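Visitor: I have a structure to look at and some questions about it. Can you walk me through it, one point at a time?

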Amino acid sequence: MNTAIPRRPTHQVQIDHISVGSDSPVVVQSMTNTDTADAEATALQVKELSEAGSEMVRITVNNPDSAAKVAEIRSRLDDMGCNTPLIGDFHFNGERLLAEFPDCAKALSKYRINPGNVGKGAKGDEKFAFMIQTAAEHGKAVRIGVNWGSLDQSLAKRMMDANLASASPKSPEAVMKEALIVSALESAQKAVDLGLPDNKIILSCKVSSVQDLIQVYRDLGGRCRYPLHLGLTEAGMGSKGIVASTAALSVLLQEGIGDTIRISLTPEPGSSRTQEVVVAQEILQTMGLRSFTPMVTACPGCGRTTSTVFQELARDIQQYLREQMIVWRLQYPGVENLNVAVMGCVVNGPGESKLADIGISLPGTGETPIAPVYVDGERKVTLKGDNMAAEFLAIVRDYVETNYGEHGKKRDRSRIIPIQTA
């Protein structure tokens, strides 16, 4: 944890073995996109997300078929040795599903409730109360998740009417942002009045604009001590979604705002859902807030690096390290702090390689076809020939075993912030 970024003081919420808020590390979460009624597919995707580093996973619970399978999904995960907490995402009919499927209510570790989709008037109040009281009865946490696209319209109208009657009316956009915050805070107070403890509540106010998200969460964070879940809703696909989410969340995290995060990427057709987990981890790790997997420093390339050798090696090393972390994070505690450099020419190659734990400076265009390898700042060996990549990977493996094994000099449990493992 980077103590240079003080966290906003909050209640601490315990969700199974995961602590959220207070001085706990920022938690990475994600959401499945399988049909929850398909218990096998959903359990397998939860496990995949967990192995990628998601510490909590949300699943859709939108109809009787899905609710009926939640307990089986939990059982399948337990049988696979995956203890990742499951979050139930409820909209419109959550109170009915929780009532009809008590095993679902028990199997979930947290409920996500959207005040704008619970219902209107007295009937909506009754539905909200039932869900909150069910959570309290089973000792479950609740995220009250307000969303720009499904804001409680009766609240919005009430606040718009009051604004119009004001001597100094605000813009409609400002009123809508305030309505998001009021919805979250009023719903949280209702939950407390209904018997849900303060330390079982997490809030979120999701919007799709970077500047709006920053403004809303700054305001919300200054008006409560509930842990906050950060996420840019409907962030988009590919680089757009990654850049927008990074821009918004990084500002807030730098200010100590945010206790759990999710990157809501639209996946490319046929691509793995785990990309959103990787992006979330990389945001936290590049900011120095947490460590998840060894970092690879690599140059962008230029006219001095017309060969693709260093690009291929950087890609292969990064992929190899991430794949190995499924085992390494248990076998070699602290290895997530490892830094590896893969450089493409003599300009910055030796210097960057010396600064890393392990670094290789590959030959650029016209340079002598040799690659010096630096270990802890010292030149240890020079590689050449067609097997440089395999030989460098072997050096990395040996370094990890030597330095992070049972008696390794870098095995320092005091620095480790553990993450969920399957």
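Visitor: Is Ser 22 buried, partly exposed or exposed?
Guide: This is a predicted model. Ser 22 is found in the loop between strand 2 (18-21) and strand 3 (27-31). Its relative accessibility is 27%, and buried means under 20% while exposed means over 50%. Ser 22 therefore counts as partly exposed.

Visitor: What is phi of Ser 22?
Guide: Ser 22 is a residue other than glycine, yet its phi is positive. The value is near 55°.

Visitor: Which loop holds Asp 376, and what is its phi?
Guide: Asp 376 lies in the loop between strand 16 (371-375) and strand 17 (378-383). It is not a glycine, but its phi is positive. The angle is about 50°.

Visitor: What is the relative accessible area of Asp 376, and how does it count?
Guide: The cut-offs are 20% for buried and 50% for exposed. Asp 376 falls in between, so it is partly exposed, with a relative accessible area of 35%.

Visitor: Is Asn 93 buried or exposed?
Guide: Asn 93 sits in the loop between strand 5 and helix 4 (94-100). Its relative accessibility is 13%, and the limit for buried is under 20%. Asn 93 therefore counts as buried.

Visitor: Which residues does Asn 93 touch, not counting residues up to four places away in sequence?
Guide: Residues up to four places away are left aside here. Asn 93 then touches Asn 62 and Asn 63.

Visitor: What is the relative accessibility of Val 142?
Guide: Val 142 lies in strand 7 (residues 141-147). It counts as buried because its relative accessibility is 0%.

Visitor: Which residues are in contact with Val 142, leaving aside its neighbours within four places in sequence?
Guide: The contacts of Val 142 include Lys 110, Tyr 111 and Ile 113. Also in contact with Val 142 are Ile 132, Ala 135, Leu 196, Lys 200, Ile 201 and Ile 202.

Visitor: How far apart in space are Val 142 and Met 131?
Guide: In sequence, Val 142 and Met 131 are eleven residues apart. In space, C-alpha to C-alpha, they are 9.3 Å apart.

Visitor: How many aromatic pairs are there?
Guide: Rings pair if their centres lie within 6.5 Å. By this rule the count comes to three.

Visitor: What kind of aromatic pair do Phe 90 and Tyr 111 form?
Guide: The ring centres of Phe 90 and Tyr 111 are 5.8 Å apart, and the planes stand at 85°. Phe 90 is in strand 5 (residues 86-90) and Tyr 111 in strand 6 (residues 110-113), 21 residues apart. Phe 90 and Tyr 111 are buried. Planes over 60 degrees apart count as edge-to-face, so the pair is edge-to-face.

Visitor: What kind of pair do Trp 328 and Tyr 332 form?
Guide: Trp 328 and Tyr 332 are buried. Their ring centres are 6.2 Å apart, with planes at 80°. The pair is therefore edge-to-face.

Visitor: Which residues form one aromatic cluster with Trp 328?
Guide: The cluster contains Trp 328 itself. Its other members are Tyr 320 and Tyr 332.

Visitor: How are helix 8 and helix 9 set to each other?
Guide: Helix 8 (residues 153-164) and helix 9 pack with their axes 9 Å apart. The angle is about 130°. Their crossing is right-handed. By the angle, the two helices are therefore oblique to each other.

Visitor: How many nonpolar residues are in the contact of helix 8 with helix 9?
Guide: Helix 8 contributes residues including Leu 155, Met 159 and Met 160, and helix 9 residues including Val 175, Met 176 and Val 182. Two residues of the contact are polar and three are charged. The nonpolar ones number nine.

Visitor: At what angle do helix 9 and helix 10 cross?
Guide: The axes of helix 9 (residues 172-193) and helix 10 (residues 210-221) come within 10 Å. The crossing is right-handed. The angle is roughly 40°.

Visitor: How many charged residues are in the contact of helix 9 with helix 10?
Guide: Among the contact residues are Lys 177 and Glu 178 of helix 9, and Asp 212 and Asp 219 of helix 10. The contact has five nonpolar residues and one polar. The charged ones number four.

Notes:
Residues are numbered from 1 along each chain as its sequence is written. This is a predicted model: local features need pLDDT of at least 70, side-chain atom pairs count only at pLDDT 80 or more; totals for chains, interfaces and linings use all residues. Side-chain values use heavy atoms; hydrogens and water are left out. Axes are lines fitted to C-alpha atoms, for helices over the stretch in contact, and angles run from 0 to 180 degrees between N-to-C directions. Helices (H or I, at least four residues) and strands (E, at least two) are DSSP runs, numbered from the N terminus. A crossing is left-handed if the near helix is turned anticlockwise from the far one by less than a right angle, and right-handed if clockwise. Contact means heavy atoms within 4.5 Å. Ala, Val, Leu, Ile, Met, Phe, Trp, Tyr, Cys and Pro count as nonpolar, Asp, Glu, Lys and Arg as charged, and the others, Gly among them, as polar. Rings of Phe, Tyr and Trp (its six-membered ring) pair if their centres lie within 6.5 Å; planes under 30 degrees apart count as stacked, over 60 as edge-to-face and the rest as tilted. Buried means under 20% relative accessible area, exposed over 50%, partly exposed in between (1.4 Å probe, protein chains only). Angles under 35 degrees count as roughly parallel, over 145 as roughly antiparallel, 65 to 115 as roughly perpendicular and the rest as oblique.
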